[in-house]
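Work through the exercises below with the structure open. Each task is followed by a solution in steps.

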Amino acid sequence: MDTWQKASLLGQAAQYDTCAVCGPGSHKQRDDLGRWIYPAKLPDGRTINLLKVLQTNVCEHDCLYCVNRRSADVRRTALMPEDLARVFMDMVGRGQAMGLFLSSGVAGGADRSMSRMIDTATILRRRYGFRGYMHLKVLPGASQPAIEQAVLLADRVSVNLEAPTARHLACIGPDKDYEQGIRTRQRWIYEVSQRGRLLPAGQTTQLVVGAAGESDQEILTTVDDLYQHAGLSRAYYSAFQPVAGTPLESHAPTPLDRERRLYQADWLRRHYGFAFGELVYDEQGNLPLTSDPKLLWAQTHPERFPIEVNTASRADLLRVPGIGPRSAGRIVQERGRGRLCAPEHLKAMGAVVDRALPYVLLDGQQPAYQLALW
Ligand code: SF4
């Protein structure tokens, strides 16, 4: 296999990791040489093309859901740091990629595998002077010096959590040490980045949803702890999809709606001031698939409504279905110039009027609205 073929195979092997900046709804594509490019939204709002690739798909672990697990019968290869750096810079030169997401299987221990990724990143930064976006995966069990180097070189790093508790991880990644190998490393990343004010795009993580029998409430409780105590920038939720040839190939796939509800809940926490504990869960601790979490919260809290749009705080406006951060901000700004007293005024602020009307007063009046039937 030549270098380009290896890069293509390792790009294909990296597609299962969603913990890049891509997030839900982004679509991978191949470049003209068959390498995997992802449109990725950066924390500053820019969208760039990201090459997502593994240093190697050789792995000594045996995670039950993973196509690269040691017992999987797949073609294995590895790229030398110089070769991977050259492939990437070639793509940068052609305008095909602007950023790099680099992960790896674990071959020869976490630190040896990390050192190859760090060498790649170092060549890019020092030899080629690449100043663009770089996301490095920190492998479970990596040492503190390896983490420090990764944090120094990258814009963003991530350790995949995969499951919300040690008990759940044992079901799908029996070789991994949840507390020491993953949670402790997440704390180290936070401490190192805080000390040096590094990692402009922060630390992220990914969870496989639905493979280990965990509930949404268990997932969100753990993610909340990471937001509070490990400086997590954001979590990525990946609905489990069985892969042929893995021990979980006949496990039921997780509905994509479950992934979507988790992203909505996460968004409500990060941008709307909700706490995960406030959301409505079913008896199994899952977010109902049939209803939007914010709408469901409003429907179960009639005592909080209606809200007078002309006097409500921004925080209260954000509780109204159909009003988001942008429209809440505009309402607060514009109402100083005159009272909002008609649905058209609310619409002009960017609110989704049909959703919002049952929950608001406009200048003391409850506006007429039609119940949505479906
Ligand atoms: S550590 Fe687990 S998830 Fe990562 S490549 Fe190896 S088998 Fe796959």
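**Exercise 1. The surroundings of β3**

Task: Determine which unit β3, α2 and β4 make, and describe how β3 pairs with its neighbours.

Solution. The model is predicted. Begin with the connection: β3, α2 and β4 form a β-α-β unit, and its handedness is right-handed. Next, take the pairing inside that unit. β3 and strand β4 (residues 99-103) run parallel and are joined by five bridges. One pair to locate is Leu54 with its bridge partner Ser103 in β4.

Then turn to strand β2 (residues 36-41), which pairs with β3 in the antiparallel sense, over five bridges. Here Ala40 has Ile48 in β3 as its bridge partner. β2 and β3 form a hairpin with five residues between them, and Gly45 in the turn has a positive phi of about 100 degrees.

Last, consider burial. Strand β3 (residues 47-54) has eight residues, six of them buried, so the strand is largely enclosed by the rest of the structure.

**Exercise 2. The packing of α1 against α2**

Task: At what angle do the axes of α1 and α2 cross, and which residues meet?

Solution. Two packed helices are described by the angle between their axes and the distance between the axes. For helix α1 (residues 3-14) and helix α2 (residues 81-94), the axes cross at roughly 85 degrees and come within 10 Å. The class for roughly perpendicular runs from 65 to 115 degrees, which makes α1 roughly perpendicular to α2.

Now list the contact. From α1, Thr3, Trp4 and Ala7 take part; they meet Asp83, Val87 and Asp90 in α2. Sorted by class, the contact of α1 with α2 holds three nonpolar, two charged residues and one polar residue.

**Exercise 3. Strand β7**

Task: Is β7 covered or open on its faces, and how does β7 pair with β6 and β8?

Solution. Start with the count: seven of the seven residues of strand β7 (residues 203-209) are buried. Split them by side. Gln203, Thr205, Leu207 and Val209 lie on one side, Thr204, Gln206 and Val208 on the other, and all are buried, so both faces are covered.

Then follow the pairing. Strand β6 (residues 156-158) pairs with β7 in the parallel sense over two bridges, and Val157 stands opposite Gln203 in β7. With strand β8 (residues 232-239), β7 pairs in the parallel sense over seven bridges. Ala235 in β8 is the bridge partner of Thr205. Finally, add the helix: β7, helix α7 (residues 216-229) and β8 make a right-handed β-α-β unit.

**Exercise 4. Backbone exceptions**

Task: Examine Glu162 and Arg197: where does each lie, and is each buried or exposed? Then examine the peptide bond that joins Phe305 and Pro306.

Solution. Most residues other than glycine have a negative phi, and most peptide bonds are trans. Glu162 is not a glycine, yet has a positive phi of about 70 degrees. Glu162 lies in the loop between β6 and α5 (166-172). Its relative accessible area is 5%, and the cut-off for buried is under 20%, so Glu162 is buried.

Arg197 also has a positive phi, near 50 degrees, and lies in the loop between α6 (178-196) and β7. At 79% relative accessibility, Arg197 counts as exposed.

The peptide bond between Phe305 and Pro306 is cis, with omega about 0 degrees. Pro306 lies in the loop between α9 (293-299) and β9 (307-308).

Note on methods: Residues numbered from 1 in each chain as written. Predicted model: local features only at pLDDT ≥ 70, side-chain atom pairs only at ≥ 80, totals over all residues. Heavy atoms only, no water. Axes fitted to C-alpha atoms, helices over the stretch in contact; angles between N-to-C directions. Helix = DSSP H or I, 4+ residues; strand = E, 2+ residues; numbered from the N terminus. Parallel < 35°, antiparallel > 145°, perpendicular 65-115°, else oblique. Contact = heavy atoms within 4.5 Å. Nonpolar A, V, L, I, M, F, W, Y, C, P; charged D, E, K, R; others polar. Buried < 20%, exposed > 50% of the residue type's maximum accessible area, 1.4 Å probe, protein only. Pairing = 2+ DSSP bridges. Right-handed = clockwise from strand over helix to strand, strands pointing away.
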